[in-house]
Amino acid sequence: MSFNWLELQKTAHDEFGTRLAQVTDWEGETPDTEWNTRELVTHVIDEQRWVPLLLSGLSVAEAKAQLEPLGTGLVTEWARFSAGALAAWDAIDLAAPVQLSYGTVPARDYLAEQVSDVTIHSWDVARATFSVETLDDDLVAAVWTIFEPQRDTLELSGLFASPVPIPENAPLLIRLLALTGRDGR
């Protein structure tokens, strides 16, 4: 199945923004046990701050030197940096090389990584805020194609907790979450 990752990026940002609007307890726990809600949201915004800089051809070091400080109004900062990232994605040739911390990849690979990150953290914010946890079906299916082939290395990467055991016939969202160490049941 072929996915329009640029459209999926917009969908992921919409999903995250919807959940972000539900936050009332910035110090609340999230399924990502390393972060409270403020820290998790800050992480997602920080990732978006990098996008225009890296897509413009800057190295990680050059981009880091140009990062603006993040303001305290995280909802406003999300709107600002989300818009900037989406505009940068719309302007890039997806075959263009992008320098990341772990090497140079085609922009399309970086895009899929970003879509995946925002999608998973959209669910995290939904769970943290007791809001709607369902996510767009195409978004879930696309992110599954990124994470499922990495099944054996996700936990080893240190970025995810151990997979959660679930029935093989569980809905795709539940299987995706389980693969990333989240119990979506």
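What follows is a walk through the aromatic contacts, the hairpin, one pocket and a few single residues of this structure.

The model is predicted, with local features needing pLDDT of at least 70, side-chain atom pairs counting only at pLDDT 80 or more, and totals for chains, interfaces and linings using all residues. Residues are numbered from 1 along each chain as its sequence is written, and side-chain values use heavy atoms, with hydrogens and water left out.

The aromatic rings make a handy starting point. A pair of aromatic rings is described by the distance of the centres and the angle of the planes. Here, rings of Phe, Tyr and Trp (its six-membered ring) pair if their centres lie within 6.5 Å, with planes under 30 degrees apart called stacked, over 60 edge-to-face and the rest tilted. By that rule the structure has three aromatic pairs. One of them joins F16 and W78, a tilted pair with 4.6 Å from centre to centre and 55° between the planes. F16 belongs to helix α1 (residues 5–20) and W78 to helix α4 (residues 74–91), so this contact ties together parts that lie 62 residues apart in sequence. Helices (H or I, at least four residues) and strands (E, at least two) are DSSP runs, numbered from the N terminus. F16 is buried, at 0% relative accessible area, and W78 is buried too, at 5%. Buried means under 20% relative accessible area, exposed means over 50%, and partly exposed is in between (1.4 Å probe, protein chains only).

Another tilted pair is formed by W89 and Y110, with 5.3 Å between centres and 50° between planes. This pair links distant parts of the chain, with W89 in helix α4 and Y110 in helix α5 (residues 107–129), 21 residues apart. Both W89 and Y110 are buried.

Rings also turn up under arginine side chains. A charge sits over a ring if NZ of Lys or CZ of Arg is within 6 Å of the ring centre and within 35 degrees of the ring normal. The charged end of R49 sits over the ring of F81, 5.9 Å from the centre. R175 likewise lies over the face of W144, 5.3 Å from the ring centre.

Now for the strands. Strand β1 (residues 97–100) and strand β2 (residues 103–106) run antiparallel and pair over four bridges, where pairing calls for at least two bridges found by DSSP. Two residues separate β1 from β2 in this hairpin. Across the strands, V98 stands opposite V105, and P97 has P106 as its bridge partner. In a regular strand the side chains alternate between the two faces of the sheet. In β1, V98 and L100 point to one face and are buried, whereas P97 and Q99 point to the other and are not.

W144 and R175 come up again in the lining of the second largest pocket, which also includes R151, P163, V164, I166, P167, E168, A178 and L179. On a 1 Å grid over the protein atoms alone, a pocket is an open set of points where a 1.4 Å probe fits, with protein on both sides within 12 Å along at least five of seven lines, and lining residues have an atom within 4 Å of a point. The second largest pocket holds about 170 Å³ of space, a volume being the space filled by probe spheres set on the points, which are joined across faces, edges and corners. Helix α7 (residues 172–179) gives the most to the lining, with three residues. The lining breaks down into seven nonpolar residues, no polar ones and three charged ones. Ala, Val, Leu, Ile, Met, Phe, Trp, Tyr, Cys and Pro count as nonpolar, Asp, Glu, Lys and Arg as charged, and the others, Gly among them, as polar.

A few single residues round things off. A12, in helix α1, is buried at 0% relative accessibility. The C-alpha atoms of A12 and L135 are 8.7 Å apart, with their positions 123 residues apart along the chain. E77, in helix α4, is also buried, at 7%. From E77 to D137 the C-alpha distance is 27 Å, and the two are 60 residues apart in sequence.

Most residues other than glycine have a negative phi, and most peptide bonds are trans. F130 has a positive phi, near 55°. F130 sits in the loop between α5 and α6 (137–147) and is exposed, at 78% relative accessible area.
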